[in-house]
Amino acid sequence: MTNNALAFTALCNEFCAAVENAAATEPDVFVTGMLRILPRIYISAFDLTDEGALDDGYIEQRLDEDTYNSLRRSMQMLLGENDTYLEVFEEDMKYSDSPIGASLAEGLADLFQEFYNYLETVRDATDDVTASAIVAVKYDFGMFWGATLCNVLRPLNSIHFCNERL
């Protein structure tokens with residue numbers, strides 16, 4: 001595993017721990033923590049390389065729906081009225097005259113799911129399995145969760161700097 005892949009793995013682990021402990025965290029501490037870690041995850045994922053991979057990549061889906069929903073609800077309760085924001089990069093926005101709302105907690109739970117599944121796949125895995133997981137997480141970053149990460153940064157930034165509701 002490259003140094004960058006190790007850094008990415010450590011950052012994913014830090015993010016997952018923060019989400020798992022969200023219910024026991026003050027809202028401002030949680031938001032600040034997310035603003036500190038998410039940009040680092042983005043940069044680290046952007047710089048991942050798929051050298052040495054023998055296949056197209058695979059990450060086993062390990063997070064169950066109950067855990068996902070529990071974490072999402074915890075963050076939703078923590079964020080309160082700050083959970084909902086207007087999403088401007090939603091595909092359906094092109095065809096809509098009205099704004100489309102999104103849930104910050106759902107976006108963070110979606111990221112948690114990606115990172116949790118990645119971490120569970122590489123934990124105690126062989127080099128080949130780890131290389132395959134890195135290929136998959138890099139692909140998924142470009143096609144799916146990289147945009148989600150960017151989308152949640154905007155409302156987190158707004159909550160932290162522009163909002164006194166916390």
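Which residues of helix 1 are buried? They are A5, F8, T9, L11, C12, F15, C16 and V19, where buried means under 20% relative accessible area, exposed over 50% and partly exposed in between, using a 1.4 Å probe and protein chains only. They cover an arc of only 165 degrees around the axis, which puts them on the same side of helix 1; the arc is that of the directions from the helix axis to the C-beta atoms. An α-helix has 3.6 residues a turn, so residues three or four places apart point the same way.

A quick word on the setup. This is a predicted model, in which local features need pLDDT of at least 70 and side-chain atom pairs count only at pLDDT 80 or more, while totals for chains, interfaces and linings use all residues. Residues are numbered from 1 along each chain as its sequence is written, and side-chain values use heavy atoms, with hydrogens and water left out.

Back to helix 1. Helices (H or I, at least four residues) and strands (E, at least two) are DSSP runs, numbered from the N terminus. Helix 1 takes in residues 3-20, and at 1.5 Å a residue its 18 residues should span 26 Å, which agrees with end C-alpha atoms that are 26 Å apart. That expected span is 1.5 Å times one less than the number of residues.

The buried residues of helix 1 pack against helix 2 (27-46), helix 3 (65-79), helix 4 (104-122) and helix 5 (127-162), contact meaning heavy atoms within 4.5 Å. Take helix 4: its axis is 9 Å from that of helix 1, and the two pack at an angle of about 125 degrees. Axes here are lines fitted to C-alpha atoms, for helices over the stretch in contact, and angles run from 0 to 180 degrees between N-to-C directions. Helix 1 and helix 4 are therefore oblique to each other. Under 35 degrees would be roughly parallel, over 145 roughly antiparallel and 65 to 115 roughly perpendicular, with the rest oblique. From helix 1, the contact includes N13 and E20, and from helix 4, L108, F112 and Y116 are among the partners.

Now for some exposed spots elsewhere.

| Residue | Place | Relative accessible area |
|---|---|---|
| T84 | strand 1 (residues 84-87) | 56% |
| D124 | loop between helix 4 and helix 5 | 79% |
| D127 | helix 5 | 63% |

D124 has a positive phi of about 55 degrees, although it is not a glycine. The C-alpha atoms of D127 and M1 are 7.4 Å apart, with the two positions 126 residues apart along the chain. For T84 and A102, 18 residues apart along the chain, the C-alpha separation is 5.6 Å.
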